[in-house]
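Trainee: I'd like a close look at one part of this model, with enough of the surroundings to see how that part sits in the fold. Please take your time over it.

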Amino acid sequence: MRVLFVTFAAPSHLQNMVTTAWALQTAGHEVRVASQPDLVDAITSTGLTAVPVGESHDLAQQVQEINENLDQENVMEPQNAGDAGLDMNELRPEKLTREYMLKVFGTMTPFVFQNCSPDAMIDDLVGFARHWRPDLVVWDTFTFAGAIAARACGAAHARLIAGLDLMGAMRTRFVADRDRRPAAEREDPLRDWLADRLERHGATFDDEVAVGQWTITPTPRSLSLPVPLHYVPARFVPYNGRSVVPDWLREPPRRKRVCLTLGLSYRDMWGGVSRLGDMLAAVADLDVEVVAALSADQREALGGLPGNVRLVDFVPLSAVLPDSSAIIHHGGVKTFATAVSCAVPQLIVPEGQWDTAHLARRAEDGGFGLAVEDPRSIEPKEFARLVARLVDEPSFARAARDLRRETLAMPAPNEIVPSLEALTAAHRAQAG
């Protein structure tokens, strides 16, 4: 069969797709990856075939504009003391009123979703899909252009997510509330935008367009949100793009190793964690070796560092973590999942985007990690104490090994290919 992967031009979102795309390709299926022109080089560097659609996305500029728009809307401002900001991170049932969810979708749709799937991208993608006739479209959860193109050409379509399904959780709750109300009270900004774009291409909306006919997820069941959607679990397999194992990793560490990373997308787009120098200085008295993967600007800004800190620009986490005793990171889902796959305890300093705070809480609740709720107020001694707990208390390593065993029981990307084939065939038979 022919399979079209679709993502907006974010390298980290592309990387989430690569192992699934290659699983289908090596099973004998034709695979294409569509995105805006500025992601073409990243796509072809994976060995997959790129389809440029729309205009250049300029991710950094888009992020800046989105943040400015959200600030103007006060979307991220807490409503009351102790509240989360008004965003899709909210999971507390008592906070998820109709008015709250309506404003979230009313803001996310024009400022985020439409930015990720602009009209030029949608139109080009629909044109290519009608020409190439994919059997299955796999689309990034932010890139609704994929679902629109699938509907326009009659293909089956699956959403692919990287971490917790915050979109699915809020969307299913919102739709259930919407459908209980009189017709005059069924406002739905996401539906209205998608329905308009679908109508332009001769297709109609239903709620599968927003969440996929099914969802490919790497999150183990014990960490997942209880969302009533059709999921296809697929074990997370790290993919870092082009990377090289440095010489110093060829020898085992002489002391317990602690890795610190801010993640590639986070350090490029959102800046550094506040008080990063204090964090590194705090571990000077611990009997550990710290490997800190930081950008050139961050390394320069840090100044002098303790002798037990090794600064590197980039090192593949899947290469450094197997010999590590702990990792300190920002809560990014790929970093989190790589640490889980290597059974490494985690100290998470969540930077606030998407599911980072929820992942931090799950690490604490599951006993395989600790969380720093507010990096601006934590004292260096307390930070060092948390790091020492992770490397010295065996319960964290035991819990991390238990979670790794759970992930190893999930099907690998190659093993979900028969499921995707069967689901696609069932769609084709139903469509006639």
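How many helices and how many strands does the chain have? And once that is clear, please zoom in on helix H6 and what it packs against.

Mentor: Sure. Keep in mind that this is a predicted model. The chain has 18 helices and 13 strands. There are 432 residues, and 53% of them count as buried. Long-range contacts matter for the picture too: of the contacts between residues at least 6 apart in sequence, 66% join residues at least 24 apart. As for the outside, the accessible surface comes to about 18,500 Å², with 48% of that belonging to carbon and sulfur atoms.

Now for your helix. H6 is mostly covered, with eight of its nine residues buried. The buried ones are Ala145, Gly146, Ala147, Ile148, Ala149, Ala150, Ala152 and Cys153. They pack against quite a list of elements: strands S1, S4 and S5 (156–160), plus helices H5 (119–132), H8 and H9 (208–211). Just past the end of H6, Gly154 has a positive phi, at about 85 degrees.

Ala149 is a handy residue to click on. You'll find it in H6, and it counts as buried because its relative accessible area is 0%, where the cut-off is under 20%. Setting aside neighbours within four places in sequence, the contacts of Ala149 are Leu125, Val126 and Ala129. Take Val126: it is 23 residues away from Ala149 in sequence, yet the two C-alpha atoms are 4.6 Å apart.

Three of the packing partners are strands of one sheet. That sheet is open and has seven strands in the order S3-S2-S1-S4-S5-S6-S7, with parallel pairing. S3 (50–52) and S7 (231–233) are its edge strands, each pairing on one side only. From one strand to the next, the twist averages 25 degrees. Over at the S7 edge, S6 (residues 214–217) pairs with S7 in the parallel sense through three bridges. Within that pairing, Thr215 has Tyr231 in S7 as its bridge partner.

A helix from the far end of the chain comes into view around here as well. Thr424 sits in H18 (residues 417–431) and is buried, its relative accessible area being 1%. Apart from neighbours within four places in sequence, Thr424 touches Met1, Asp135, Leu136, Ala156 and Trp214. Of those, Leu136 belongs to S4 and Ala156 to S5.

Next, the loop that leads into H6. Searching the whole structure turns up nine aromatic pairs. One of them is Phe8 with Phe142, a tilted pair with 6.5 Å between the centres and 50 degrees between the planes. Phe8 is in the loop between S1 (2–6) and H1 (11–26), while Phe142 is in the loop between S4 (136–140) and H6 (145–153), so the pair links distant parts of the chain, 134 residues apart. Both rings' residues, Phe8 and Phe142, are buried.

The loop before H6 contributes another ring. Phe144 pairs edge-to-face with Trp193, at 6.1 Å centre to centre and 90 degrees between the planes. Because Phe144 is in the loop between S4 and H6 and Trp193 is in H8 (residues 189–200), this pair ties together parts that are 49 residues apart in sequence. Phe144 and Trp193 are buried as well. All four of these residues belong to one aromatic cluster, made up of Phe8, Phe113, Trp139, Phe142, Phe144, Trp193 and Trp354. Elsewhere, there is a charge over a ring: Arg171 lies over the face of Phe105, 5.1 Å from the ring centre.

For context, there is another open sheet, with six strands in the order S10-S9-S8-S11-S12-S13 and parallel pairing. Its edge strands are S10 (309–312) and S13 (369–371), each with pairing on one side only. Direction ignored, neighbouring strands in this sheet are turned by 15 degrees against each other on average. At the S10 edge, S9 (residues 288–293) runs parallel to S10 and is joined to it by four bridges, and Ala293 has Val312 in S10 as its bridge partner.

Back to your helix, then: H6 has eight of nine residues buried, packs against three strands and three helices, and follows a loop that holds Phe142 and Phe144.

Technical notes
Residues numbered from 1 in each chain as written. Predicted model: local features only at pLDDT ≥ 70, side-chain atom pairs only at ≥ 80, totals over all residues. Heavy atoms only, no water. Phe/Tyr/Trp six-rings, centres within 6.5 Å; stacked < 30°, edge-to-face > 60°. Helix = DSSP H or I, 4+ residues; strand = E, 2+ residues; numbered from the N terminus. Buried < 20%, exposed > 50% of the residue type's maximum accessible area, 1.4 Å probe, protein only. Lys NZ or Arg CZ within 6 Å of the ring centre and 35° of its normal. Pairing = 2+ DSSP bridges. Axes fitted to C-alpha atoms, helices over the stretch in contact; angles between N-to-C directions. Contact = heavy atoms within 4.5 Å. Areas by Shrake-Rupley, 256 points an atom, 1.4 Å probe, with all protein chains shown as cover.
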